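Thanks for making room for this one today. Please bring up the sequence and the coordinates side by side, and I will talk through them.

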Amino acid sequence: GIARAIVSNPSVLLSDEATSALDPETVKSILQLLKDINKKLGITIVMITHQMEVIKEIAQHVAVIEHGKIIPQTETLKKFVGSVMSSELPAQLSHMNIHPTKEHESDNILISLSFRGDVTNEPIIAQLIKKYNLNVSILYGSIDYIQDISFGRLLIMISGHLEDLTDALTHLNALPITSEVIGYVSRNN
């Protein structure tokens, strides 16, 4: 089918669910073929798919269509992007008693760090420990790739002297990452 479509030398190739219901090896082969067609023949490929793994492997630009329209920031788009990099607290951490405000001076701070690209290779945690004399626990981490761009997320819990914590949070906010204080956890958790 792909050969028939490119024999007439089109400038755009429409691929509608070309990889659905196929085994993983065949999907891999088809995606490599489409990448080669795009690169070697200069054909733009518009791909319709519901498979996030396919999007991560091949897409250079992504649009989400709902009810026939390209949608901006909506709940559907958030769920779609969330399937790449979830912002939810992992179920394994649900036992933690997280509260929105600091209840005790000794409470640990729970922080979500999200980053993309080359910053995933930076020693952010090591800097927090060395420069600000903090205790840092990595509770959860993931790195995923879309094309050759890395996307990462860490959930960390930090503790230390108030002044060091304040300086560290200022440092995190100055970095090319997204940092968010999720809440506070009592030390006995």
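I will go through confidence, then the nonpolar cores, the salt bridge, and finally the surface around the first strand.

Let me say at the outset that this is a predicted model, and that the protein chain averages a pLDDT of 83, with 89% of the residues scoring at least 70. Confidence is lowest in helix 4, residues 75–82, where the mean is 57, and it is highest in helix 5, residues 124–132, at 93. Where pLDDT is low, the predicted coordinates should not be read in detail.

Turning to the interior, the largest nonpolar core has 19 residues, and those with the most contacts inside it are Leu 113, Leu 128, Ile 156 and Ile 158. Strand 6 (108–116), helix 5, strand 8 (149–159) and helix 6 (162–174) each supply at least two residues of this core. If you centre the view on Ile 156 and set aside its neighbours within four places in sequence, you will find that Ile 156 is in contact with, among others, Ile 109, Ile 111, Leu 113, Ile 125, Leu 128, Val 136 and Ile 138. There is also a second, separate core, this one of nine residues, which includes Leu 13, Val 27, Ile 30 and Val 54.

Which residues, then, form a salt bridge? A search of the whole structure finds one such pair, in which Lys 35 is joined to Glu 57, with the closest N and O atoms 2.6 Å apart. Lys 35 lies in helix 2 (residues 24–41) and Glu 57 in helix 3 (residues 52–58), so the bridge ties together parts that are 22 residues apart in sequence. Both partners are partly exposed, Lys 35 with a relative accessible area of 26% and Glu 57 with one of 36%.

On the surface, Val 12, Leu 14, Val 46 and Ile 48 make a nonpolar patch of about 340 Å², and the elements giving two or more residues to that patch are strand 1 (12–16) and strand 2 (44–48). Val 12, which is found in strand 1, is partly exposed, with a relative accessible area of 45%.

Finally, Pro 10 lies in the loop between helix 1 (2–6) and strand 1. Apart from neighbours within four places in sequence, Pro 10 is in contact with Ala 5 and Ile 43; Pro 10 and Ile 43 are 33 residues apart in sequence, with their C-alpha atoms 7.0 Å apart in space.

Terms used: Residues numbered from 1 in each chain as written. Predicted model: local features only at pLDDT ≥ 70, side-chain atom pairs only at ≥ 80, totals over all residues. Heavy atoms only, no water. pLDDT = per-residue confidence, 0-100. Helix = DSSP H or I, 4+ residues; strand = E, 2+ residues; numbered from the N terminus. Core = buried A, V, L, I, M, F, W, Y, C linked by side-chain atoms within 4.5 Å. Buried < 20%, exposed > 50% of the residue type's maximum accessible area, 1.4 Å probe, protein only. Contact = heavy atoms within 4.5 Å. Salt bridge = Lys/Arg side-chain N within 4 Å of Asp/Glu carboxyl O. Patch = residues over 30% accessible without salt bridge, like charges linked within 9 Å, V, L, I, M, F, W, Y side chains within 5 Å. Areas by Shrake-Rupley, 256 points an atom, 1.4 Å probe, with all protein chains shown as cover.
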